[in-house]
Amino acid sequence: MTESEGSPQARLYSHFSHIYVEKNLAGSKRAENIINKFPKANVIEINHYKDIFNRKNQSFSAQKASQSLILGEKHADLVYKGAPFCQDFGNSEFYYTSLVMGCVYDCEYCYLRGMYPGGNMVAFLNAEDFLDEVKKVSCGKKIFLCISYDTDLAAMESVFGFCALWHSFAEKNRNITIELRTKCAELGFLKKLRPLENYIIALTLSPEKNAVRYEKKVPSLEKRLEAGRMAAELGHPLRLSFDPMLKTDNFDETYKDFIQKCFSSLPANKIKDIGFGAFRISPSYLKAMRKNYPSSAIALYPYELQDGAYSYDKTERDYMTSKLMKYIEKYINNDKIYLWDT
Ligand code: SF4
């Protein structure tokens, strides 16, 4: 294997076995530009993205192992109110939107394993309709909008260019603060984007042993830290997300070393804020997750149901939270730390 065949970009461009494209999009410039990046994929025309994405009796795990990409359009429910399981970082007007559903990464704790009917990925090419809808929803008010919850948009930037599209939207709509959440280490595209106060890069980081065990296909902690350092040095507002916090053997030592490692790589004075919270999931997603991954240690853990979410029991959660808070406070002021809890 040559170095270029093994590069993250080359691996990405051979990632999809099939590309399904809605008939009305076939031949469009946006669809062609995407399809041309995947010379090995079989391209199949379809009527509607749901014909593939929402089929009954799909195997989520089998599809994740050999993922297909679906190119479609969406015309309803383009913007959602932020879910109670997600952090609003003190913003009362909190929304999210998903130009892409499904992820190239494969984290064992990912709620998508219980949320979607299958493991394929859909990209909506009528992106401008989403931007228009966000403008309508905001109606000139200040809003906080997360654009990369049900996917990792930055990991697909060389394919879709949606991060740059949202950046130019943020530049023209300063009342809308956009959060781009990612575990990607290929953040070179940020060099071409002017840092904006209302375009936040939220980098999700986990202790190395959790990353190796539970975050399949995700770049290493080391690489993510390098990417985070570059983003901060370029002047982009950098949010750190230690979410989900997972119960592990030697929790204290593991998380203490992890936080130390993060702040020996990242300039603490350039971190905008930090969010963290214990693993939590809705009952219906947990049920589907257990069905899709019957031997997953994360799915099978005996969580406690509290206020509509399954999570570790309160005593365990409080212990983990207080420890992590103590480690983070060594580096960052308390008013920049946001905790999710029930
Ligand atoms: S990176 Fe996020 S969206 Fe992607 S698999 Fe992991 S948890 Fe899920």
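**Exercise 1. In which strand does Pro244 lie? Describe the peptide bond that precedes this residue.**

Solution. The structure is a predicted model. Step one is to locate the residue: Pro244 belongs to strand E13, which covers residues 238-245. Step two is to inspect the backbone: the peptide bond from Asp243 to Pro244 is cis, with omega near 10°. As a point of reference, most peptide bonds are trans.

**Exercise 2. Determine how many disulfides the structure holds, and examine Cys86 and Cys163.**

Solution. A disulfide is a covalent bond between the sulfur atoms of two cysteines. First, a search of the whole structure gives zero disulfides. Second, consider Cys86: the closest cysteine sulfur, in Cys146, is 7.3 Å from that of Cys86, which is too far for a bond, since the cut-off for a disulfide is within 2.5 Å. Third, consider Cys163, which is likewise in no disulfide; the nearest cysteine sulfur, that of Cys184, is 8.5 Å away. Finally, compare the surroundings of the two residues. Cys86 has a relative accessible area of 21% and is therefore partly exposed, whereas Cys163, with a relative accessible area of 0%, is buried.

**Exercise 3. Characterise the packing of helices H10 and H11.**

Solution. Two packed helices are described by the angle between their axes and the distance between the axes. Step one: helix H10 spans residues 221-234 and helix H11 spans residues 251-265; they pack at an angle of about 40°, and their axes are 9 Å apart. Step two: this angle makes H10 oblique to H11, because angles under 35 degrees would count as roughly parallel. Step three: the handedness of the crossing of H10 and H11 is right-handed. Step four: list the residues that meet. H10 contributes Leu221, Glu222, Leu225 and Arg229, and H11 contributes Phe258, Lys261, Cys262 and Ser265. Sorted by character, the residues of this contact comprise four nonpolar, one polar and three charged.

**Exercise 4. Locate Cys139 and Lys217, and state the phi and the exposure of each.**

Solution. Most residues other than glycine have a negative phi. Begin with Cys139, which is not a glycine and yet has a positive phi of about 50°. Cys139 is found in the loop between helix H6 (127-138) and strand E9 (143-146). Its relative accessibility is 62%, so Cys139 counts as exposed. Continue with Lys217, also not a glycine, whose phi is positive at about 75°. Lys217 lies in the loop that runs between strand E12 (215-216) and H10. With a relative accessible area of 44%, Lys217 is partly exposed.

Note on methods:
Residues are numbered from 1 along each chain as its sequence is written. This is a predicted model: local features need pLDDT of at least 70, side-chain atom pairs count only at pLDDT 80 or more; totals for chains, interfaces and linings use all residues. Side-chain values use heavy atoms; hydrogens and water are left out. Buried means under 20% relative accessible area, exposed over 50%, partly exposed in between (1.4 Å probe, protein chains only). Axes are lines fitted to C-alpha atoms, for helices over the stretch in contact, and angles run from 0 to 180 degrees between N-to-C directions. Helices (H or I, at least four residues) and strands (E, at least two) are DSSP runs, numbered from the N terminus. Angles under 35 degrees count as roughly parallel, over 145 as roughly antiparallel, 65 to 115 as roughly perpendicular and the rest as oblique. A crossing is left-handed if the near helix is turned anticlockwise from the far one by less than a right angle, and right-handed if clockwise. Contact means heavy atoms within 4.5 Å. Ala, Val, Leu, Ile, Met, Phe, Trp, Tyr, Cys and Pro count as nonpolar, Asp, Glu, Lys and Arg as charged, and the others, Gly among them, as polar.
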